[in-house]
Amino acid sequence: MEFTVRQCHELDMSGKHTLIDKSPREATAAREIALRYGNQPDALLEILHDLQHELGCIPEAALPALAKALNRSRAEIHGVVTFYHDFRHEAAGRHVIRLCRAEACQSMKANELIAMVERFLQVRLGQTTADGAITIQEVFCLGNCALAPAVMVDDRVVGRVDAARMEKIIAECRS
């Protein structure tokens, strides 16, 4: 007999057998979210977004459960997760700062701004500060070219960002 959730029998304190869930939290969350979408493979992106929203990332432990629920290979699920840059394998900081590296922003010294942020926070692009407050990521267009260089702080786009303004943004994120 196969269970939809990995389960086993264990003896409780009274000597009775008890059915308990032994699945990792990530796999259980993946199955539950996939089920909300009717285990439809064409809903994979929505499922992944919901999973990341719930867990803070798309953990490796969730991939086999998603593959089974959607009747797809683990490689197919992994390919989608790694193709889209918005999906993370590790939880992000409390705030995510995305720094634009598109041509318009580069022409307005975005690369110097990025170098300053990396030095100031003592992390590289794609990393999170030691205090867990800020994750910095690169993006290749925020659609705010007229106000370059642009950054996105969580879900808010900010234009004409110089070093002084960036320090204020970081201070707000840390407070």
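A residue is taken as buried when its relative accessible area is under 20%, and Glu 118, with a relative accessible area of 14%, is therefore buried. This assignment, like those that follow, refers to a predicted model. Glu 118 is found in helix H6, where, residues up to four places away in sequence not being counted, it touches Val 123, Arg 124, Leu 125 and Ile 136. Thr 129, which lies in the loop between helix H6 (110-121) and strand S4 (134-139), is likewise counted as buried because its relative accessible area is 4%. When neighbours within four places in sequence are left aside, the contacts of Thr 129 are with Leu 121, Val 123, Ile 134 and Arg 174. Val 123 thus appears in the list for Thr 129 and also in that for Glu 118. The C-alpha atoms of Thr 129 and Glu 118 are 9.9 Å apart in space, with a separation of 11 residues in sequence.

The chain as a whole comprises seven helices and six strands, which follow one another from the N terminus in the order β-β-α-α-α-α-β-α-α-β-β-β-α. Of the 175 residues in the chain, 38% are buried. Where contacts between residues at least 6 apart in sequence are considered, 53% of them join residues at least 24 apart. The exposed area of the chain amounts to about 10600 Å², of which carbon and sulfur atoms supply 52%.

Helix H1, spanning residues 25-36, contains 12 residues, and the distance from its first C-alpha to its last is 17 Å, close to the 16 Å expected at 1.5 Å a residue. Buried positions in H1 are Ala 27, Thr 28, Ala 29, Ala 30, Ile 33 and Ala 34. Arg 36, by contrast, counts as exposed, its relative accessibility being 55%. Just after H1, a positive phi of about 70° is taken by Gly 38.

Side chains of opposite charge can pair when their charged atoms come close. Six salt bridges are found in a search of the whole structure. In one of them Asp 50 pairs with Arg 36, with 3.9 Å between the closest N and O atoms; since Asp 50 belongs to helix H2 and Arg 36 to helix H1, this pair ties together parts that are 14 residues apart in sequence. Asp 50 is partly exposed at 25% relative accessibility. A further salt bridge joins Arg 74 and Glu 60, for which the closest N and O atoms are 1.8 Å apart. This pair links distant parts of the chain, 14 residues apart, Arg 74 being in helix H4 (residues 74-83) and Glu 60 in the loop between H2 and helix H3 (63-70). Arg 74 is partly exposed, with a relative accessible area of 36%, and Glu 60 is also partly exposed, with a value of 39%. The side chains of Glu 172 and Arg 156 form another salt bridge, at 3.9 Å from N to O. Because Glu 172 lies in helix H7 (residues 163-174) and Arg 156 in strand S6 (residues 156-158), this bridge ties together parts that are 16 residues apart in sequence. Both partners count as partly exposed, Glu 172 at 48% relative accessibility and Arg 156 at 42%.

A pair of aromatic rings is described by the distance of the centres and the angle of the planes. Two aromatic pairs are found in a search of the whole structure. That of Phe 83 and Tyr 84 is edge-to-face, with 4.9 Å from centre to centre and 85° between the planes. The rings of Tyr 84 and Phe 87 have their centres 6.2 Å apart and their planes at 85°, so this pair is edge-to-face as well. Phe 83, Tyr 84 and Phe 87 accordingly make up one aromatic cluster. Within the cluster, Phe 83 counts as exposed at 56% relative accessibility, Tyr 84 as partly exposed at 37%, and Phe 87 as buried at 6%.

Phe 83 and Tyr 84 also contribute, together with Leu 45, to a nonpolar patch on the surface, the accessible area of the three residues together being about 300 Å². Leu 45 is placed in helix H2 (residues 44-55) and, at 33% relative accessibility, counts as partly exposed.

Notes: Residues numbered from 1 in each chain as written. Predicted model: local features only at pLDDT ≥ 70, side-chain atom pairs only at ≥ 80, totals over all residues. Heavy atoms only, no water. Helix = DSSP H or I, 4+ residues; strand = E, 2+ residues; numbered from the N terminus. Buried < 20%, exposed > 50% of the residue type's maximum accessible area, 1.4 Å probe, protein only. Contact = heavy atoms within 4.5 Å. Areas by Shrake-Rupley, 256 points an atom, 1.4 Å probe, with all protein chains shown as cover. Expected span 1.5 Å × (residues − 1). Patch = residues over 30% accessible without salt bridge, like charges linked within 9 Å, V, L, I, M, F, W, Y side chains within 5 Å. Salt bridge = Lys/Arg side-chain N within 4 Å of Asp/Glu carboxyl O. Phe/Tyr/Trp six-rings, centres within 6.5 Å; stacked < 30°, edge-to-face > 60°.
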